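Welcome! Please take a look at the structure below, and then read on for a guided walk through how its parts meet.

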Amino acid sequence: MFKDITIGQYIPGSSPLHKMYPALKIILTIAYIVVLFFLHKPLAYAAFFVFTAALILMSGISVKIILKGIRPMLWILIFTALINLFMTQGETVFSIPLWAFSINISREGIVLAATMTIRLLFLIVGASLLTLTTSPLQLTDGIEKLLKPLRPLKVPSYEIAMMMTIAIRFIPTLAEETDKIIKAQTARGADFETGNILRRAKAMVPILVPLFVSAFRRADELATAMEARCYNGGGKRTRMKETRMKKLDAAAIAVFLLCCGVLAVLEYAVKIGLP
Amino acid sequence: MIKTENLVFAYEDSADEVLSNINLNIEKGSFTAVLGHNGSGKSTLAKMFNAILLPSGGKAYVNGIDTSDEKRVFDIRRSAGMVFQNPDNQMVAAVVEDEVAFAPENLGVEPKEIRARVDECLKTVGMTKYAQSAPSKLSGGQKQRVAIASVLAMNPEILILDEPTAMLDPMGRKEVMRTVKRLNKEQGITVVLITHYMDEAAEADRVVVIDDGKIVTDGTPREVFSEVEKIKSLGLDVPQVTELAYKLRALGVNIPRDTITADEAFDALISVLGGEARD
């Protein structure tokens, strides 16, 4: 049931996107999303689409996998579009009569619904590109680097990174254990498959209780084993694999800024917008 | 290397002494097995050698350092590395080589030096091939070898193993024992092996038997195991070969009572059988 569990959705590769400094990749992903929300003009969106397509092409990840990432968000997309469509006040294009009152669809509503949908689509694609090209461990490293400047504000960056690594490390172990417990309970006549949702949820209790007990025991033993190897939290710890910014990362920043420049020109300087 | 003087340990909320009046001196480069059944206090004793637990009375010295000296706790833990029973519950990292790098990273060793140590230690335990693997994909024996490597990366003088084979299959047990013996013989690392497997204890230079928190027997495996009745009265077994020799002696077969390895038993039996054939 839990065999070969994958954490995140990382797809190994050797593209420039894979090789980028994780912390920078996270920053650029956030910047990508911020830029997205500054755009209004169709031409700017067209350029944004071209940039995104180029990124996908560069990552070597098939479009199919990226589109797969959109599917779970489909309902949110539809919901957002409908809300924007019906709830935006403005110049009425047409109205749907409904008993005593009618629903007005405004021109602004159509524009807003379309832009929001496009923005969300790009947002999902951008975020998936990050998680598809960055392994959980690299992500952890990136988050640690990003939190490091907050260290003087008592943000425990090393500890957070350590917790995330341990969590990643223990997912397969605990999944295996869950599997074992389910089998053991099934062998003794427990039924997890029939009945309504409430009944099935109740059936989970005999799985969760032993799982939690064992997780606490593991945590206790792990803490002892860590102390035995001189762990005392952050501070003067060194790293075997020190990730550093490389030429590639400088190039990535340059390309990103260039793209931002092009988008700014298209958005603010070129006078071809919606009529 | 390790010395205890009238060592006593009791948990704070309990009047029962888990360890009472332990006097032990473990020589540099030796291979000592600590035997005892469940609840005898053997694991507690192991934790005393690494300052994970501190004596309630008496003293424990590791490498000449008093374990109750709080300032030097990391010196003690560095020089007396400890491997635990459950291989899954002592691994921190999601990649084998990161696991081995964990201890030197904690000690603040230079990245280049860590790299060198990690490669060296993985080679020592024969796990170089798996440097990039996830620990969850390894067998029990392999996991324990990684755990040994991750402790070796601190360059310890002493290796304490708290029932390292208890959760392994026979193959895994052999792998781990072979690795430990090699470390002792080739690198001169002092080994303290806590175990309840008699066959493992038989491979040590010295066997210390603990019962109810006290040392009851201390000597070479030969000396300890030749007293079959005494060992059995403590609720322990003797190695299978010794058991066989004991039973054969009871039947009047002339076989040495201190037979502890299969080879010895084989030779002894051959000479007995050969002797009878000649008659």
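## A lysine at the meeting point

A:K241 counts as partly exposed, because its relative accessibility is 37%. This is a predicted model, so please read each value here as computed from the predicted atoms.

Which residues does A:K241 meet in salt bridges? One is B:E97, with an N to O distance of 3.0 Å. This pair crosses between chains: A:K241 sits in the loop between α9 (197-228) and α10 (247-269) of chain A, and B:E97 sits in helix α3 of chain B. In contrast to the partly exposed A:K241, B:E97 is buried, with a relative accessible area of 3%.

The other is B:D98, where the N to O distance is 2.8 Å. Here too the pair runs between chains, from A:K241 in the loop between α9 and α10 of chain A to B:D98 in helix α3 of chain B. Both pairs belong to a network of salt bridges that links A:K241, B:E97, B:D98, B:R115 and B:D119. As general background, side chains of opposite charge can pair when their charged atoms come close.

## Where chain B meets chain A

Now let us step back to the whole interface. On the chain B side, 37 residues are in contact with 29 residues of chain A. The size of an interface is often given as the accessible area lost when the parts come together. For chain B and chain A, this buried area is about 2,900 Å², with 56% of it on carbon and sulfur atoms. Which residues of chain B lose the most area to chain A? They are B:N89, B:V92 and B:N106, which together account for 23% of what that side buries.

How many salt bridges does the rule find across this interface? There are four, and the pair of A:K241 and B:E97 is a salt bridge that crosses between the chains. Chain B and chain A also have 17 residue pairs in polar contact, counting pairs with both residues at pLDDT 80 or more. Four elements of chain B give two or more residues to the side that touches chain A: α2 (73-79), α3 (96-106), α4 (111-124) and α5 (140-152). The largest share comes from α3(B), with nine residues. By class, the chain B side divides into 20 nonpolar, eight polar and nine charged residues.

## Two domains within chain B

Chain B has a boundary of its own to explore. Its domain assignment gives domain 1 (2-238) and domain 2 (239-279). The centres of the two domains of chain B, taken over C-alpha atoms, are separated by 33 Å. Their contact takes 13 residues from domain 1 of chain B and nine residues from domain 2 of chain B.

Between them, domain 1 and domain 2 of chain B bury about 1,100 Å², and 56% of that is on carbon and sulfur atoms. On the domain 1 side, B:R222, B:S226 and B:V238 lose the most area to domain 2 of chain B, together 48% of what that side buries.

How many salt bridges are counted between domain 1 and domain 2 of chain B? The count is two. B:R222 also forms a salt bridge with B:E264, at 2.6 Å from N to O. The count of residue pairs in polar contact between these domains is four, with both residues at pLDDT 80 or more. On the domain 1 side, the elements that give two or more residues are α7 (198-201), α8 (221-226) and α9 (228-233) of chain B. Of these, α8(B) gives the most, with four residues. That side has six nonpolar, one polar and six charged residues.

## A buried pair in chain B

Over all chains, a search of the whole structure finds 27 salt bridges. One more pair to look for is B:K42 with B:E163, whose closest N and O atoms are 3.3 Å apart. B:K42 lies in helix α1 (residues 42-48) of chain B and B:E163 in the loop between β7 (158-162) and α6 (170-187) of chain B, so this salt bridge ties together parts that are 121 residues apart in sequence. Are these two residues buried or exposed? B:K42 is buried, and B:E163 is buried as well.

Definitions and conventions. Residues are numbered from 1 along each chain as its sequence is written. Chains are lettered from A and ligands numbered from 1 in the order in which they are written. This is a predicted model: local features need pLDDT of at least 70, side-chain atom pairs count only at pLDDT 80 or more; totals for chains, interfaces and linings use all residues. Side-chain values use heavy atoms; hydrogens and water are left out. Contact means heavy atoms within 4.5 Å. Buried area is the accessible area (1.4 Å probe) that two parts lose on being put together, summed over both. A salt bridge is a side-chain nitrogen of Lys or Arg within 4 Å of a carboxyl oxygen of Asp or Glu. A polar contact is a pair of N or O atoms within 3.5 Å; within protein, one must be able to donate a hydrogen and the other to accept it, and residues adjacent in sequence count only if both atoms are side-chain atoms. Ala, Val, Leu, Ile, Met, Phe, Trp, Tyr, Cys and Pro count as nonpolar, Asp, Glu, Lys and Arg as charged, and the others, Gly among them, as polar. Domain bounds come from an automatic or database domain assignment. Buried means under 20% relative accessible area, exposed over 50%, partly exposed in between (1.4 Å probe, protein chains only).
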